[in-house]
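Reader: I would like a close look at one part of this model, taken step by step. Please keep to what can be computed from the coordinates.

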Amino acid sequence: MSNLPGIVIVGASGRMGQMLISTIAASDKARLVGAVERSAHAWVGQDLADIMGCARGVTVTDDPLEAFSTAQAVIDFTAPEATLGFAELAAQARAAHVIGTTGFSDAQLEALKPAARHSVQIRAGNMSLGVNLLTQLTKKVAQALDADWDIEVIEAHHNRKVDAPSGTALMLGEAAAEGRGIALAENTESGRDGITGARAPGAIGFSAIRGGDIVGEHDVLFAGLGERIVLRHVATDRAIFARGALKAALWGQDRTPGQYDMMDVLGL
Ligand code: NAD
C-alpha cells in the first residue's frame, strides 16, 4: 500500500478539489498524502475525515512545500496565480505537477516553463477522454473542410465560472486552427455585441453561455452553405476530470521532466 504514489491536492475545498479527494480515496492505484488550501481558509488545520468523511490522517495545510515534499505528484485545479507558485514548489520537490487550472494569460503560460526543467508538468484545459478525442476529431474535420465553412466553438458552464472562453473551448479552437493551417490568435472572433459587421471570413468564433450548475458542454459547429456539422461533448459529472487528472499523475511517474498534455497521457 505504502508503495503507491503519494498525491497532494491543492485547492482542496474547491469543486474539483473535493472531487479529486474522493476519487483518490476510492482508488487502489494512489494514496492521498496531503491537501492544501489558502491561508486562513476554514479547512486549514482540519482533518479531511471531519470535513469530507474520508479516512483519517490527512490534515489540510496552508504550507504547500511541506506537503509536496512527501508527494510524488501534485494535482492542481485552482487559479492561474496560485498555479504559478505551485509549479515552482513542485519543481523543488521533484513532484509531477498535474495542472487543470484554466484562464492563463500568454505571459503566465511562459512563466510556467522554467519549473518544467526540473519536474514533469502535465497541463490540459480539459482532462476528460471524451474532450481529448473531440479535439482530434475537430482537427480532422477542419483539415477536410475549406475556409468557406465557418467554425464556431459554443460552450456552456455553471454561473460561478470566472474565465471565458473556457480552457476546453480554446483547446478546440486551437485544434480547428491547426487543422485549417492558420494561427488562432490572428483568426479569432469572440464577445460579439452590437453592430459587429459581418463575420470575418475564415475566423474561428467563440460563444459562451453561463448558467446554473452546468458542468461543461462544448459544440464545435462547422457551418457551410446549406449544411452544418456539429461535434458535441457533454460532461454530466466532474468525476471525468478527476479520473483524467489521476491518470495523468500516474502516467507522469518516472517520465523525463518537461511539459506534457493529455494527448501524451492518452497516447492520442
Ligand atoms: P473552485 O473555485 O471551486 O475551486 C478553486 C479552489 O482553489 C478553491 O478551493 C480555492 O480556495 C483554491 N485556491 C485558490 N488559490 C489558492 C492558493 N493560493 N492556495 C491554495 N488553494 C487555492 O473552482 P473549480 O470549479 O474547482 O475549478 C478550478 C479550476 O479548474 C478553474 O480554473 C477551472 O476552469 C478548472 N477546471 C479544469 C478542468 C479540466 O479538466 N482541466 C475541469 C474543471 C475545472
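Author: Strand 5, helix 5 (residues 106-112) and strand 6 form a β-α-β unit, and the unit is right-handed. The model is a predicted one. Within the unit, strand 5 and strand 6 (residues 120-123) run parallel and are paired over 3 bridges. One residue pair can be named here: histidine 97 has glutamine 121 in strand 6 as its bridge partner.

Strand 5 also pairs with strand 4 (residues 73-76), again in the parallel sense, and 4 bridges join the two. Here isoleucine 99 of strand 5 is the bridge partner of aspartate 76. Between strand 4 and strand 5 the chain passes through helix 4 (residues 80-93), and this β-α-β crossover is right-handed.

The side chains of strand 5 come next. In a regular strand, side chains alternate between the two faces of the sheet. Strand 5 (residues 96-99) has Ala96 and Val98 on one side, His97 and Ile99 on the other, and all four residues are buried, so that both faces are covered.

Helix 4 can be checked for length. With 14 residues at 1.5 Å a residue, helix 4 should span 20 Å, and this agrees with its end C-alpha atoms, which are 20 Å apart. Its buried residues are Pro80, Thr83, Leu84, Phe86, Ala87, Leu89, Ala90 and Ala91. Arginine 94, just after helix 4, has a positive phi of about 55°.

Further along the chain there is another sheet to describe. It is open and mixed in its pairing, with 5 strands in the order 8-9-7-10-11. Strand 8 (188-190) and strand 11 (228-235) are at the edges and have a single partner strand each, so one side of each lacks a neighbour in the sheet. On average, neighbouring strands of this sheet are turned by 15° against each other, direction ignored.

Inside that order, strand 7 (residues 150-157) pairs with strand 10 (residues 216-223) over 7 bridges, and the sense is antiparallel. Glutamate 152 has leucine 221 in strand 10 as its bridge partner. Helix 6 (residues 129-144) packs on this sheet and touches strand 7, strand 10 and strand 11. The direction of helix 6 makes about 170° with that of strand 11.

Notes
Residues are numbered from 1 along each chain as its sequence is written. This is a predicted model: local features need pLDDT of at least 70, side-chain atom pairs count only at pLDDT 80 or more; totals for chains, interfaces and linings use all residues. Side-chain values use heavy atoms; hydrogens and water are left out. Two strands pair if DSSP finds at least two bridges between them. Axes are lines fitted to C-alpha atoms, for helices over the stretch in contact, and angles run from 0 to 180 degrees between N-to-C directions. Contact means heavy atoms within 4.5 Å. Buried means under 20% relative accessible area, exposed over 50%, partly exposed in between (1.4 Å probe, protein chains only). A crossover is right-handed if, with the strands pointing away from the viewer, the path from the first strand over the helix to the second runs clockwise. The expected span of a helix is 1.5 Å times one less than its number of residues.
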